[in-house]
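Visitor: I'm new to this one. Can you walk me through it?
Guide: Go ahead and ask; here it is.

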Amino acid sequence: MPVVEGSDLVQLQRRRQQVRNICILAHVDHGKTTLADSLVASNGIISQRMAGKLRYLDNRADEQERGITMKSSSISLYYQEAEELAGNPDYLINLIDSPGHVDFSSEVSTAVRLCDGAIVVVDVVEGVGPQTRACLKQIYEEQLKPVLVLNKLDRLILEKQMDPLDAYFHLTQVLEQVNAVLGSIFASDILAREDITKKDNYESALEEVDDSELYFSPSSGNVVFCSAYDGWAFSVRDFAAMYAKRLELKRKDLEQVLWGDFYYNSKKKEALPGAQEKAKKPMFVQFVLENIWSLYDIIAIRKDKDKLPGIAEKLGLKLAARDLRLTDPKLQIKAVLGQWLPIDKCVLHMVVDHVPPPHKISEERAQRLLYPANVDLSSLPPETLQLKESFTSCDADSSNVIAFVSKMTPVHVSHLPQNRPKRLTDQEVQQRRDEVRRRIEERKLQSEQSELEKISQGVEQLSTQVEVPKKEEPEPEDGEPNEFVFIAFARVFSGTLKRGMELFNLSPKHDPRQPTHRREDEAPYANRLTIGDLYMFMGGELQLLDEVPAGNIVGIGGLESHIVKTATLSSSLDCTSFSELSIMATPILRVAIEPVQPQDMPKLVKGLKLLNQADACVQVSVAPTGEHVITTLGEVHVEKCVHDLEHSYAKIKVNVSKPIVSFRETIVPAATVDMVNEAIVKTAEDKDMSKKIAIQQTLNKRGTLKVIAVPLPAEAVELLEKHSEFFKELAAIPRNQLLSEKWTTLLASIKVKLIAALRDVHLFGLSSLTTEELVNRIWALGPRNCGTNILLNLSDYEQPDFWSSHAKSSDTDIRSDPRKDFNSSLVNGFQLTSVAGPLCEEPMQGVCFVVLEWSIQTEGEDLNSRGPFSGQVLTAAKEVCRQAFQNQPQRLVTPMYSCNIVVNAEMLGKMYAVIGRRHGKILSGDLTQGSGNFAVTCLLPVIESFNFAQEMRKQTSGLACPQLMFSHWEVIDIDPFWLPTTEEELMHFGEKADSANRAKLYMDSVRRRKGLFVDEQVVEHAEKQRTLSKNK
């Protein structure tokens, strides 16, 4: 296909029915960029032969070196349907290629938000990877229409050497795996939304919902089988069209039976079910796979070049003379199969058929994007609700312009289209030629008429005249060669975006329900901005546009000073701010960065600002110690950020610290066995609970607090962790404001689940209240009102109701209670303790502080005699909570990575050794069906994961490549202060317990980093040095 002119694509942007916005999602190395190359080659942008090798959309140097995609890139493609199809055959496909590596999963989120559909690529040999699951979950959450591409079929033939029948069963298993993942995501979502507060309803919510449209099936046309590297692909529809006449069946009927357990009865001329039962070949094997296998057998295995012309003739192909001269079997396959089953037509037809155009966005998706989950729709103004109509219809003529910016992309100034050298037209080239001829003629005349001196002067003048424009031209280009500009990666959802247009930038706090937020002069969370240049993304290049109608992906210039990462742009203040991007993985790896030369600090600060804007997932902050800290998703992400800082944004050398790992602190029930698994015999003193209760008085001795700390059950911790964002938003809402119906229901369901989870909480017989009454007496959550620690009130004080939206301030007994004035001081004391525990000032997790007594003596002298009494209560509450925590067995909690490794059987032992050295736990090690590889899943402490990938590759000769993703928090079951005491422990560990206490090592490393006191001796058991040889 010839190169398509940009003007044709611009015209297609106006026809919303013919626009498709899709992204390519998959696990790392499953073939996304190779597939994108094949689709790009269909537009003549790159050669069909270079597809898969060039990796056109990976336009960073380090992406090409590493062989992985690190950022999402967009390109606009032209596609023309086959001639036999009536209607409008021209389509504009806005394609976004996204990374598969877990460290760059935030880039996937930015791509998914802008699209209406997604191509999910799965390697048929490796099957469903962990990132495939994460991608499918994100597709489901963002309500995109997915289509499936089963890639690398050539590996089944050449590498695994399967016969067609085995390959068919293998493909059905891979398809079942993908559908099983989709089914589990769907089921868990439906069950999560089920209302469990209704006691009389015993029917499962799954029985009522329809999941017929959910799954992938070749017969419904949303599955394509391909080899992107070899440049061919087919769907069941393609072969149904080929065989319909020969088999005397209707094409539609043939599409339904070509995949599945059907065989062809040549006598009856019909397809019958039960191929496996009757030991017949399924039709998919007989008519599809055997043809492809035989082609590979002739060309790639037997290398029989003489048969190529005959094959081409039978298939109706025209092979060029150079194709017949090819010696590489792979290129021969590309030439034959690429013509017979072209990958671009097959994949793009499926996209056009199954992915909806922009104006057919579902009601649910529109509601999810436009209106926040915590808002009751009836409380929104009618103007805001009317915006939904122009949003769903995607009307380019609408007066309401709405666009969403998902990320800011850095582009070098020299790559902008306005700064690129322009191609000369034929007329300009002719003018320059005429000018050169005229000058030559002038020189000849001068040489004839004047003397030697005048000639030399004339030559000098001519040379200066020629040189002047040459000097002037490059200066503006090279004036600021290191500068980057940021282009907003956006999609227009309504109206037409034009250059120079003025829009509002709505921040997440913008709320149209507040009247002041809808007034232009008073709106606190909206600011005006002017749209700069508009660009069409063409891979690594940009093309200038004057305007962009609704439904298209666009680059917007001139917004870097207004937008940091994401933004909602609207012409109306009635519009809500779009819901935040759903991030697949949380940034957990923190490193401190400093310049090698201290005088370069201003450059580093400027570079970090640019990095923060350019990377969707990196978090840049300044620690309390003054260090500049970047929080990233993993080691590869850190390397990319440092590389960008050193070579692009700051252009200075930087020092990177060892990674800073967050821990948490908790308490556990008293141990029943010691470190050598001997039962601990408890004395009467150990059983005395009064020693566990912490008592603290205020500085003026007028207030007393009694608190005991108890561990929370794991289910309760998990529940609070899961809903932490909900509690965070709940704490920000004023207590007298009504909640939406959705939030009220969610709060009620959390309460029901928490009552069930706290049944196992052990209060040492200090309370006779039921679990329901205990949950009603919850005072606060910590830290920051949204953590996994609970402040529980068992004193005679009536605390504000945590579960209702109104404080019980109407009761006269509370109003007269003097303790009410100091309620917030006590809660803040608990918050301070829970945010920095005593072990190493890390946040606490899963601790319930039970307030047994709180008394204040109001008679006598003034309460504020020793300073403000509120401050005294805060200090006392903080100290009593720390003391209660230290009275219980303390433990550190470490973050854990879930690690997935694919490795062959020979390297299994070496891989287990590396995991064992780093205190990892193997969860499963299953043989992948149809290959000799093992898929190993293990857990690894984050603190032990540094250089894990390098060591793993080194030990296994590069055959095992781990994928690390944050999984959960896990308690390290060793007391940081443990020393051997019993005879058995002394015998096993020795007097000094030389086998290092892991928890103490971690604790000391954190304390040392924070500048806290570390209990260690520099020299232990110092002895006089002895020399080996005596002085003679």
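Visitor: Let's start with Asp123. Is it buried or exposed?
Guide: Asp123 counts as buried, because its relative accessibility is 0%. Keep in mind that this is a predicted model.

Visitor: Which side chain does Asp123 meet in a salt bridge?
Guide: That of Lys152, with 3.6 Å from N to O. The two come from distant parts of the chain, 29 residues apart. Asp123 is in strand β4 (residues 117-123), while Lys152 is in the loop between β5 (145-151) and α6 (153-158).

Visitor: How many salt bridges are there by this rule?
Guide: The count comes to 47.

Visitor: Where do Lys1010 and Glu842 sit? They pair up too, I gather.
Guide: Their side chains form a salt bridge at 2.5 Å, N to O. Lys1010 belongs to helix α33 (residues 998-1010), and Glu842 to the loop between α28 (823-835) and β29 (847-856). They are 168 residues apart.

Visitor: Buried or exposed, what about Glu842?
Guide: Glu842 is buried, since its relative accessible area is 5%. Lys1010 has 28%, so it is partly exposed.

Visitor: Back to Lys152. Which residues are joined with it into one network?
Guide: Asp123, Arg155, Glu159 and Lys160, through salt bridges that share partners.

Visitor: Where do Asp434 and Arg437 lie?
Guide: Both are in helix α17 (residues 426-449), three residues apart, which is about one turn of the helix. Their side chains also meet in a salt bridge, 3.7 Å from N to O. Arg437 is exposed because its relative accessible area is 52%; Asp434, at 39%, is partly exposed.

Visitor: New topic. How many disulfides does a search of the whole structure find?
Guide: Zero. Cys23, for one, is in no disulfide: the nearest cysteine sulfur belongs to Cys115 and is 4.0 Å away. The cut-off for a disulfide is 2.5 Å between the sulfur atoms.

Visitor: Is Cys23 buried or exposed?
Guide: Buried, because its relative accessibility is 0%.

Visitor: And why is Cys617 without a bond to Cys641?
Guide: Because the two sulfurs are 9.3 Å apart, too far for a bond, and Cys641 holds the closest cysteine sulfur to that of Cys617. Cys617 is also buried, with a relative accessible area of 5%.

Visitor: Last one, the surface. Which residues form a positive patch?
Guide: Lys267, Lys268, Lys278 and Lys280. Lys280 is in the loop between β9 (270-273) and α10 (283-301). Its relative accessibility is 44%, so Lys280 counts as partly exposed.

Conventions:
Residues numbered from 1 in each chain as written. Predicted model: local features only at pLDDT ≥ 70, side-chain atom pairs only at ≥ 80, totals over all residues. Heavy atoms only, no water. Patch = residues over 30% accessible without salt bridge, like charges linked within 9 Å, V, L, I, M, F, W, Y side chains within 5 Å. Areas by Shrake-Rupley, 256 points an atom, 1.4 Å probe, with all protein chains shown as cover. Salt bridge = Lys/Arg side-chain N within 4 Å of Asp/Glu carboxyl O. Lys, Arg positive; Asp, Glu negative; His and termini not counted. Charge placed at Lys NZ, Arg CZ, Asp CG, Glu CD. Helix = DSSP H or I, 4+ residues; strand = E, 2+ residues; numbered from the N terminus. Buried < 20%, exposed > 50% of the residue type's maximum accessible area, 1.4 Å probe, protein only.
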